[in-house]
Amino acid sequence: MSIASDMLRGHTETIILRQLLSRDSYGYEINKAIQEATGNRYELKEATLYTAFRRLEQSGCILSYWGDETTGARRRYYSITPQGRARYLANVEEWRNARELIERLIMEGETHND
């Protein structure tokens, strides 16, 4: 079963912030981690990823900087800010509440014939 992109689209920024909680990273590495975490069932389009980076940076949730180019190609790294951590936690709480409501609305009264 594939993951419906429409279901995840509204959570792109939260997914990116989650990837940055543990360490700074760059676009390709973040997208690769998302693919691995979903068993290759979901990946962000490059345009979507970099649009989200711009929005997150403009809102103060992440900072970007150029990495050391001695390791190969020069990469733009992203790091989460305290404001980004707070946004991540708020988004997760909002998602939990929405998930609970959706489960009640969709699963209510459903019977399972096992």
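Contact here means heavy atoms within 4.5 Å. Axes are lines fitted to C-alpha atoms, for helices over the stretch in contact, with angles from 0 to 180 degrees between N-to-C directions. Helices (H or I, at least four residues) and strands (E, at least two) are DSSP runs, numbered from the N terminus.

This is a predicted model, in which local features need pLDDT of at least 70 and side-chain atom pairs count only at pLDDT 80 or more, while totals for chains, interfaces and linings use all residues. Residues are numbered from 1 along each chain as its sequence is written, and side-chain values use heavy atoms, without hydrogens and water.

Helix 2 lies across strand 1, strand 2 and strand 3, at about 90° to strand 3. The three strands form an open antiparallel sheet in the order 1-3-2. Strand 1 and strand 2 stand at the edges with a single partner strand each, so one side of each has no neighbour in the sheet. Strands pair if DSSP finds at least two bridges between them; strand 2 and strand 3 are joined by five. In strand 3, Ile 80 stands opposite Ile 62.

The axes of helix 2 and helix 4 come within 10 Å and cross at roughly 80°. The two helices are therefore roughly perpendicular (65 to 115 degrees).

| Helix | Residue range | Contact residues |
|---|---|---|
| Helix 2 | residues 12-20 | Thr 12, Glu 13, Ile 16, Leu 17 |
| Helix 4 | residues 46-58 | Thr 48, Leu 49, Ala 52, Phe 53, Arg 55, Leu 56 |

Asn 31, in helix 3 (residues 27-37), is buried (under 20% relative accessible area), at 10%. Leaving out residues up to four places away in sequence, Asn 31 touches Glu 43, Leu 44 and Leu 49.

Conventions. Parallel < 35°, antiparallel > 145°, perpendicular 65-115°, else oblique. Buried < 20%, exposed > 50% of the residue type's maximum accessible area, 1.4 Å probe, protein only.
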